[in-house]
Amino acid sequence: MYNPSSRKATEFIDHQEILDTLAYADENCENVELIDSIIAKAKERKGLSHREASVLLACPIPEKNEEIYKLAEQIKKDFYGNRIVMFAPLYLSNYCINGCTYCPYHMKNKHIPRKKLTQDEIRREVIALQDMGHKRLALEAGEDPQNNPIEYILESIKTIYSIQHKNGAIRRVNVNIAATTVENYRKLKEAGIGTYILFQETYHKESYLELHPTGPKHDYDYHTEAMDRAMEGGIDDVGLGVLFGLDKYRYEFAGLLMHAEHLEAVFGVGPHTISVPRLKNADDIDASSFKNGIDDDTFAKIVACIRVAVPYTGMIISTRENQACRERVLHLGISQISGGSRTSVGGYAEPEPEDESSEQFDVSDTRTLDEVVKWLMDLGYIPSFCTACYREGRTGDRFMALCKSQQIQNCCHPNALLTLKEYLMDYASPETKKIGDALIEREIENVPNPKARETLVKHLKEIENNEGRDFRF
Ligand code: SF4
Ligand code: SF4
């Protein structure tokens with residue numbers, strides 16, 4: 001029985017409710033009156049239910065789809081302006097005891113090199129990431145209580161935060177590790193993590209059980225209820241995601257929004273971010289052998305529909321996607337992207353030899369961070385290395401309050417410019433620096449509050465004169 005407030009996975013992600021939602025969307029996908037009313041509701045920026053958003057996703061009418069894209073673009077502009085937050089993944093270990101059929105780290109893969117970074121190796125990787133200009137990391141590790149116990153993850157986080165190298169510092173560590181206990185989530189919180197990220201992979205329970213035939217991850221309910229335990233452990237920024245290509249995308253889309261509604265109903269705060277990875281080729285994984293792959297048009301429609309359904313939730317796209325695809329969806333709602341990423345264990349400090357590759361998936365966008373930063377600015381975006389909310393303790397509902405109070409332009413915008421200025425001073429190529437300095441000059445005018453503008457100009461000068469770093473609003 002569907003109940004968004006239930007703590008049971010199969011009740012807040014109720015299979016029958018998803019089937020009924022898809023049937024409702026099929027019946028109404030050309031119901032112009034209903035579609036208009038849903039679009040009108042979305043225009044109020046209050047979000048949509050999974051049923052309403054599913055109707056928009058199913059809608060085949062070109063003019064209505066145009067309206068949906070335009071609205072997604074407008075909401076993106078209103079809430080996130082032209083800022084794109086940058087991050088990089090850091091793979092700590094690819095030891096894993098699970099049997100996920102779509103990931104090369106599955107336990108039966110005997111030929112992929114298994115690696116686990118020592119604290120010294122982590123130090124070297126982090127210095128290499130700092131030298132690129134990164135300030136925000138997403139830690140990744142397989143599930144293996146022997147090789148990657150929680151103590152190892154905690155020690156690694158401590159190491160990462162402790163490294164001060166030139167003007168570099170990692171200021172926010174997000175963590176993507178397997179579903180765990182409330183107690184371990186509490187330890188992660190105490191270690192100062194930003195967002196806890198866990199992809200559901202698929203919300204379709206039957207498929208989930210087949211795709212995860214062995215290992216602890218086989219337990220659908222435990223996995224699906226992980227965010228509840230994370231929130232109980234005090235982590236109030238959680239990141240959802242599905243791996244598009246595993247099951248039917250409309251099913252996943254409805255499940256994803258139901259999960260967000262569940263967190264809102266139980267904890268009063270929805271997910272901090274939603275990631276939209278698509279299945280990719282990797283070591284012993286052939287993406288074409290999965291039947292539910294989605295094309296670029298469908299992918300763009302999903303991004304737009306998520307944007308209008310949950311306007312306050314950040315949306316992340318990784319280097320799984322190529323430059324063209326990233327460019328296409330950026331303006332439809334993406335607020336964070338990775339750049340200069342390595343999806344292997346190690347590889348930032350020293351590239352891995354090809355025959356020893358430990359990559360989790362093939363990276364489609366292989367440009368350097370500097371190239372990505374320049375590309376974003378050429379497209380009119382402000383690459384932002386901001387981590388201010390986390391550092392000011394604005395998480396969960398306090399972060400939502402910031403979004404809802406419309407103070408973003410007086411807060412995120414100057415923070416983006418300050419952190420971009422740091423990047424330009426410390427890491428950028430001369431050409432990127434030139435473009436960036438001109439962009440900052442133009443964008444100062446877009447801070448509405450005169451006092452904030454004045455403070456911004458003062459701090460920009462201080463960064464320019466090397467009189468300080470890490471200013472924030
Ligand atoms: S997806 Fe995660 S849990 Fe599954 S095999 Fe890969 S690393 Fe392990
Ligand atoms: S001020 Fe907060 S919400 Fe805005 S970009 Fe920085 S961290 Fe994100």
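**Core.** I looked up the largest nonpolar core (a set of buried Ala, Val, Leu, Ile, Met, Phe, Trp, Tyr and Cys residues joined through C-beta atoms within 7 Å) in this predicted model, and I found 134 residues, of which Leu56, Leu137, Tyr196, Ile302, Val303, Cys305 and Val308 touch the most other members. Helix α12 (residues 249-267) gives the largest share of this core, 9 residues. I note that a residue is buried if 20 or more other C-beta atoms lie within 10 Å of its own, with C-beta atoms placed from the backbone.

**Cys305.** Leaving out residues up to four places away in sequence, I found that Cys305 touches Ala53, Leu56, Leu57, Ile68 and Phe253, where a contact needs C-beta atoms, placed from the backbone, within 7 Å.

**Ligand 2.** I then listed the residues around ligand 2, which are Val85, Ser384, Cys386, Thr387, Ala388, Cys389, Cys411, Cys412 and Asn415, each counted if its C-beta atom, placed from the backbone, lies within 6 Å. Helix α18 (408-426) is one of the elements that supply at least two residues of this shell, and α18 gives the most, with 3 residues. Helices here are DSSP runs (H or I, at least four residues), numbered from the N terminus.

**Whole protein.** Buried residues make up 50% of the 473 residues, and the C-alpha atoms fill a box of roughly 60 × 55 × 40 Å along the principal axes.

**Conventions.** Residues are numbered from 1 along each chain as its sequence is written, while chains are lettered from A and ligands numbered from 1 in the order in which they are written. As the model is predicted, local features need pLDDT of at least 70 and side-chain atom pairs count only at pLDDT 80 or more, whereas totals for chains, interfaces and linings use all residues.

Conventions. Buried ≥ 20, exposed ≤ 12 C-beta atoms within 10 Å, placed from the backbone. Contact = placed C-beta atoms within 7 Å.
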